Amino acid sequence: MALQEIGRRVRAGVGGACVALAAGNLVASAAPVHGSSMMVRRLERMGAGVGVKMMPVAPTLNPNANFPVPSQKDWVLVNKTVRLYSAYKRGDVVIMRSPTDPSGRIVKRIVAKEFDVIRTRGNHPHHVTIPAGHVWIEGDHSASSVDSSSFGAQSESLIEGRVVAVIWPPSRWKVVEPMPKTERLVHTHIAKI
């Protein structure tokens, strides 16, 4: 009887592991964020009229990435169900396979979607029309970001999911809100349903 009980527990454990693995690949997962490309510190205008002051806005991810002594990395919750429906919006932070290293992952913000026209940044800006099934991605900290400005528009099929929250460390718990970057969009394509 003891051998049958061990067999039953092993089958249950293997079954549970398979369900957990499938859920991690299809529904949601946690992922560490490396580097400082999502670390920009912007200023927001507070108040109106005379006496307007600029207040720093918290960085999106990894606020201490550039400290001389490495600190804790942010861990994020990734919603993977959105890839089943290509339900990405301008401003979403996504995790995707690196176009330069297929075994690596990058975290960037979607700036433009298919058929949008964007003005590139840099010394020689020009207009780029995003091809069908592609997105233009950028890090929030442009000075340290390797993104579409370096390697062009990327296929949506590289996207593994949308970052929805910082889940570690506890002091950084927060929802990661979409923040569209519209200052360089020349033309926005609105799909007809």
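Colour the chain by pLDDT first: this is a predicted model, with an average pLDDT of 77 and 68% of the residues scoring at least 70. Among the elements, strand 10 (residues 154-155) has the highest mean pLDDT, 95, and strand 3 (residues 53-56) the lowest, 42. Select residues 40-57 next. The pLDDT is below 50 over this stretch, which has 25 contacts in the model beyond near neighbours in sequence. Where pLDDT is low, the predicted coordinates should not be read in detail.

**The whole chain**

Switch to a cartoon view. The secondary structure consists of three helices and 13 strands. Of the 193 residues, 36% count as buried. A surface view shows about 11,600 Å² exposed, with carbon and sulfur atoms supplying 62% of it. Among contacts with a separation of 6 or more, 61% are between residues 24 or more positions apart.

**Strand 11 and its partners**

Select residues 159-168, which are strand 11. Seven of the 10 residues of this strand are buried, so strand 11 is largely enclosed by the rest of the structure.

Add strand 4 (residues 75-79). Strands 4 and 11 pair in the antiparallel sense over five bridges. Two of the facing pairs can be picked out by residue: valine 78 stands opposite valine 163, and tryptophan 75 stands opposite tryptophan 168.

Now add strand 5 (93-97). Strand 5 pairs with strand 11, also antiparallel, over three bridges. Here valine 94 has arginine 162 of strand 11 as its bridge partner.

Strand 12 (residues 174-175) is another antiparallel partner of strand 11, joined to it by two bridges. The two strands form a hairpin with five residues between them. Alanine 165 of this pairing has valine 175 as its bridge partner in strand 12.

Return to strand 4 and select strand 1 (residues 28-32); the two pair antiparallel over five bridges. Alanine 28 stands opposite asparagine 79 in strand 4.

**The nonpolar cores**

Show side chains for Ala31, Val33, Leu61, Val76, Val78, Val93, Ile95, Val107, Val163, Val166 and Val176. These 11 residues make up the largest nonpolar core. Strand 4, strand 5 and strand 11 are the elements that give two or more residues to this core.

Centre the view on isoleucine 95. Leaving aside neighbours within four places in sequence, isoleucine 95 is in contact with Ala31, Val78, Arg105, Ile106, Val107, Ile159, Glu160, Gly161 and Val163. Another core, of 10 residues, lies apart from the largest one; among its members are Val94, Met96, Ile106 and Ile110. In a regular strand the side chains alternate between the two faces of the sheet.

**A three-stranded sheet**

Finally, select strands 7, 8 and 13. They form an open sheet in the order 8-7-13, with antiparallel pairing. Strand 8 (127-129) and strand 13 (185-187) are the edge strands, each pairing on one side only. Neighbouring strands of this sheet are turned by 30 degrees against each other on average, direction ignored. Strand 7 (residues 117-119) is joined to strand 13 by two bridges. To locate this contact between strands, pick valine 117, whose bridge partner in strand 13 is histidine 187.

Technical notes
Residues numbered from 1 in each chain as written. Predicted model: local features only at pLDDT ≥ 70, side-chain atom pairs only at ≥ 80, totals over all residues. Heavy atoms only, no water. Pairing = 2+ DSSP bridges. Helix = DSSP H or I, 4+ residues; strand = E, 2+ residues; numbered from the N terminus. Axes fitted to C-alpha atoms, helices over the stretch in contact; angles between N-to-C directions. pLDDT = per-residue confidence, 0-100. Contact = heavy atoms within 4.5 Å. Buried < 20%, exposed > 50% of the residue type's maximum accessible area, 1.4 Å probe, protein only. Areas by Shrake-Rupley, 256 points an atom, 1.4 Å probe, with all protein chains shown as cover. Core = buried A, V, L, I, M, F, W, Y, C linked by side-chain atoms within 4.5 Å.
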